[in-house]
Amino acid sequence: MVDWLRNLMDNYTEGMYLPQIQVMDVIEILILTVFIYEILLWIKNTKAWMLLRGIIMLGAFILLAWIFQMHTILYLAAQSINVLAIAAVVVFQPELRRALEKLGEKNLLSSINPFDRSRENERFSDETADSIVNACFDMGNVCTGALIVVEQVIRLNEYEMTGIELDCKVSSQVLINIFEHNTPLHDGAVIVRGDRITSATCYLPLSDNMSISKDLGTRHRAALGMSEVCDALVIVVSEETGLVSYAMGGVLTRGVNREELREKLSQIQYRNSEPKKKFAIRKGWRRE
Ligand SMILES: Nc1ncnc2c1ncn2[C@@H]1O[C@H](COP(=O)(O)OP(=O)(O)OP(=O)(O)O)[C@@H](O)[C@H]1O
């Protein structure tokens with residue numbers, strides 16, 4: 001039986017080039033698999049997905065042109081390929097930059113150990129998280145609007161520069177004071193890095209998401225827009241309804257309670273805790 005199988009294999013593989021597979025080849029294949037998987041994930045989660053679909057359509061069209069020997073179309077396609085490659089880099093510059101920033105700031109050592117909850121690994125303290133939660137719900141109770149950006153891995157320097165520089169410890173009293181009506185710092189967003197407020201009155205990019213509810217104004221649109229361009233957690237307190245919501249990863253979760261907001265802050269409190277991709281759809285939650 002074994003001989004028969006060996007003969008069969010020999011017959012079929014005769015004349016075929018079968019390279020010797022070394023350990024290094026297997027490692028190389030694994031690295032490339034992870035690399036291609038990450039690129040595909042990135043493409044799926046950004047506007048590049050549309051680009052990929054466009055490229056596939058264009059490829060199919062060129063294939064048809066090649067089958068039917070349409071020389072002019074083939075000539076034009078060959079001439080414009082370089083221009084299209086440069087155009088793609090220009091159009092997707094923000095996404096490419098973000099992907100490289102993420103890669104550069106990944107802390108490989110700490111991400112290997114998901115249970116590392118040491119102080120050095122802490123992004124902000126429990127006290128800061130509690131202060132943010134208390135401030136948001138105290139402001140919500142009296143319908144004071146607020147917009148708080150909690151920085152994660154991606155540095156928010158360019159948004160800080162749009163506001164007034166501060167350097168003060170996060171406390172609920174300071175946050176409430178900043179967003180108090182008719183005070184010089186109440187407009188715009190504050191940025192929190194670690195345990196400190198670094199800037200107030202910051203201008204955030206507005207989302208162009210068409211599906212966002214029409215009863216939401218620019219404060220919520222700015223929260224969503226900011227969460228689309230970086231990995232920060234953006235908390236909004238509505239001046240109109242007093243509801244507290246948060247946006248992260250381009251998803252706005254409206255009307256959360258104290259425990260839900262605290263839980264969200266806990267998820268990002270440690271540097272090695274990856275933000276959860278799935279948000280639970282719980283009773284009373286609305287996802288935009
Ligand atoms: N791009 C932005 N960046 C930062 N803050 C912004 C931005 N756009 C609006 N805001 C803030 O939102 C306020 C306007 O809120 P608006 O009433 O339009 O929003 P809303 O989503 O309806 O919120 P609310 O429920 O609090 O009324 C502005 O006064 C300003 O403080």
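Which helix gives the largest share of the shell around the ligand? Keep that one in mind while you get your bearings; the tour comes back to it at the end of the first stop.

**Stop 1: the whole chain and the ligand**

What you have open is a predicted model. Colour the chain by pLDDT to begin: the mean is 83, and 85% of the residues reach 70 or more. Now select residues 274-288, where the pLDDT is below 50. This stretch still has 21 contacts in the model beyond near neighbours in sequence. Where pLDDT is low, the predicted coordinates should not be read in detail. For the complex, the predictor gives an ipTM of 0.93 and a pTM of 0.65.

Switch to cartoon and you'll have 11 helices and eight strands to look at. Of the chain's 288 residues, 25% count as buried. Among contacts with a separation of 6 or more, 65% are between residues 24 or more positions apart.

Now select the ligand and show the 17 residues around it. Those that come nearest are Gly217, Arg219, Ala222, Ser238 and Glu239. By type, the shell divides into seven nonpolar, six polar and four charged residues. And the opening question: select helix H10, residues 218-229, which supplies four residues of the shell, the largest share.

**Stop 2: the annotated transmembrane stretches**

Go back towards the start of the chain and select 20-43, 50-68 and 74-92. An unreviewed UniProt entry annotates these as "transmembrane region". How does the model draw them? Residues 20-43 are 88% helix and 0% strand, with the end C-alpha atoms 34 Å apart. Residues 50-68 come out as 95% helix and 0% strand, and there the end C-alpha atoms are 27 Å apart.

**Stop 3: strand E1**

Next, select strand E1, residues 146-150. Is it buried or exposed? Five of its five residues are buried. Turn on the side chains and check both faces: Ala146, Ile148 and Val150 are on one side, Leu147 and Val149 are on the other, and all of them are buried.

Add E1's partners to the selection:

- Strand E5 (residues 233-237) pairs with E1 in the antiparallel sense over five bridges. To find the register, pick alanine 146, whose bridge partner in E5 is valine 237.
- Strand E3 (residues 189-193) runs parallel to E1, joined to it by three bridges. Here, pick isoleucine 148, which has valine 190 as its bridge partner in E3.

Before leaving E1, step back to cysteine 143, in the loop between helix H7 (126-141) and E1. Its phi is near 55°, a positive value in a residue other than glycine. Most residues other than glycine have a negative phi. Cysteine 143 counts as partly exposed because it has 14 C-beta neighbours inside 10 Å.

**Stop 4: E3 and isoleucine 191**

Stay with E3 and click on isoleucine 191, which sits in this strand. Why does isoleucine 191 count as buried? Because 27 other C-beta atoms lie within 10 Å, and the cut-off for buried is 20 or more. Leaving aside neighbours within four places in sequence, isoleucine 191 is in contact with Val149, Glu151, Leu156, Tyr159, Glu160, Thr198, Ser199 and Cys202. For a distance to try in the viewer, pick the C-alpha atoms of isoleucine 191 and alanine 232: they are separated by 9.6 Å, with the two residues 41 apart along the chain.

Then move to asparagine 182, in the loop between helix H9 (172-178) and E3. Asparagine 182 also has a positive phi, about 55°, although it is not a glycine. It is exposed, since there are 5 other C-beta atoms within 10 Å.

**Stop 5: the E3-E4 hairpin**

Finish with strand E4, residues 196-202, which is mostly covered: five of its seven residues are buried. Which strands pair with E4? One is E3, which pairs with E4 in the antiparallel sense over four bridges. Pick alanine 189 and you'll see it opposite cysteine 202 in E4. E3 and E4 form a hairpin with two residues between them, and glycine 194 in the turn has a positive phi of about 65°.

Now add strand E2, residues 164-169. E2 and E4 pair in the antiparallel sense, again over four bridges. For the last click, select lysine 169, which stands opposite arginine 196 in E4.

Notes: Residues are numbered from 1 along each chain as its sequence is written. This is a predicted model: local features need pLDDT of at least 70, side-chain atom pairs count only at pLDDT 80 or more; totals for chains, interfaces and linings use all residues. A residue is near a molecule or strand if its C-beta atom, placed from the backbone, lies within 6 Å of it. Ala, Val, Leu, Ile, Met, Phe, Trp, Tyr, Cys and Pro count as nonpolar, Asp, Glu, Lys and Arg as charged, and the others, Gly among them, as polar. pLDDT is the predictor's confidence in each residue, from 0 to 100. Two residues are in contact if their C-beta atoms, placed from the backbone, lie within 7 Å. A residue is buried if 20 or more other C-beta atoms lie within 10 Å of its own, exposed if 12 or fewer, and partly exposed in between; C-beta atoms are placed from the backbone. Two strands pair if DSSP finds at least two bridges between them. UniProt positions are given in the numbering used here, feature names are shortened, and annotations may be inferred rather than shown by experiment.
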